[in-house]
Amino acid sequence: QGYEGLVEGGDNIKQANWLSVSNIIQLGGTVIGSARCKAFTTRAGRLRAAHNLVEHGITNLCVIGGDGSLTGADIFRSEWGGLLEELVQNGQISKKVAQENCRLNIVGLVGSIDNDFCGTDMTIGTDSALHRIMEVIDAITTTAQSHQRTFVLEVMGRHCGYLALVSGLASGADWLFIPESPPEDGWEDLMCERLGE
């Protein structure tokens, strides 16, 4: 469950083996879960997470996520030495254990369907999201045609119109709204004229 699992520890931290990862490649989303974690935004929460990692001898962390997850990883990395010192002072770990775990290696992978991270061709999740959008469009197009109706489809993307733009191009959409190019005044009349044609 992401950082929530790091903070809570216990059964949330398990060793992956061949059996536990078999037959999951076709599943959408993340099998290990994901959660927003308020506790990890506090130093006390990160201290608990550090203690749980040290207890399991984990010094390598792979963080897949968006802005919040990767910012959290950077803060965690920068505080690591201080967190270990605090654990030693609190008597939760020995100096020897702190020395053995003095380095935390973090790899950050951008997991965001928005595809809005500079320097990447496609972020993790974008391709899957586009695939699902096109499945939905294919399914509703025949219904729209047979009923002679106009359908409005809203896709995710927060401040990034990539999913809307690419799925609109792929499906031959008649009208498209994206945050990067807000509609000009009088767009309603233009849209009605287009749809009327």
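Which side chains meet in a salt bridge with an N to O distance of 2.6 Å? In this predicted model, that contact is made by E79 and R46.

## The E79–R46 pair and its network

The residue E79 belongs to helix α4 (residues 67–89), whereas R46 belongs to helix α3, so their salt bridge ties together parts that are 33 residues apart in sequence. Both E79 and R46 are buried.

The pair does not stand alone: through salt bridges that share partners, R43, R46, E79 and E86 are joined into one network. Across the whole structure, a search finds six salt bridges.

## Two further salt bridges

A salt bridge also forms between the side chains of E8 and R48, with an N to O distance of 3.4 Å. Helix α1 (residues 3–8) holds E8 and helix α3 (residues 43–55) holds R48, so this pair links parts that are 40 residues apart in sequence. Both partners have intermediate accessibility: E8 counts as partly exposed at 44% relative accessibility, and R48 counts as partly exposed at 42%.

The side chains of E100 and K96 meet in a salt bridge at 3.7 Å, N to O. Here both residues lie in helix α5 (residues 95–100), four residues apart, which is about one turn of the helix. E100 counts as exposed at 52% relative accessibility, and K96 likewise counts as exposed at 57%. The bridge between E8 and R48 thus joins two helices, while the bridge between E100 and K96 lies within one helix.

## Surface patches

Which residues form a negative surface patch? The patch is formed by E184, D185, E188, D189, E193 and E197. One of these residues, D189, is placed in helix α8 (residues 187–196). With a relative accessible area of 59%, D189 is exposed, because the cut-off for that class is over 50%.

A nonpolar surface patch is made by I64, V107, L109 and I124, and its area is about 340 Å². Within this group, L109 is located in strand β2 (residues 105–110). The relative accessible area of L109 is 33%, so L109 is classed as partly exposed.

## Residues in the loops

Is T123 buried or exposed? T123 is found in the loop between β2 and α6 (126–147). Its relative accessibility is 5%, and T123 therefore counts as buried, the limit for burial being under 20%. When neighbours within four places in sequence are set aside, the contacts of T123 are V110, S112, N115 and F117.

A second loop position is D174, which lies between α7 (162–171) and α8. With neighbours within four places in sequence again left aside, D174 is in contact with R194 and L195. In relation to G119, D174 is 55 residues away in sequence and 31 Å away in space, taken from C-alpha to C-alpha.

Definitions and conventions. Residues are numbered from 1 along each chain as its sequence is written. This is a predicted model: local features need pLDDT of at least 70, side-chain atom pairs count only at pLDDT 80 or more; totals for chains, interfaces and linings use all residues. Side-chain values use heavy atoms; hydrogens and water are left out. Patches are made of residues with over 30% relative accessible area and no salt bridge: like charges are joined within 9 Å, nonpolar side chains (Val, Leu, Ile, Met, Phe, Trp, Tyr) within 5 Å. Accessible areas come from the Shrake-Rupley method with a 1.4 Å probe; for residues, only the protein chains shown count as cover. A salt bridge is a side-chain nitrogen of Lys or Arg within 4 Å of a carboxyl oxygen of Asp or Glu. Lys and Arg count as positive and Asp and Glu as negative; His and the chain ends are not counted. The place of a charge is taken as NZ of Lys, CZ of Arg, CG of Asp or CD of Glu. Buried means under 20% relative accessible area, exposed over 50%, partly exposed in between (1.4 Å probe, protein chains only). Contact means heavy atoms within 4.5 Å.
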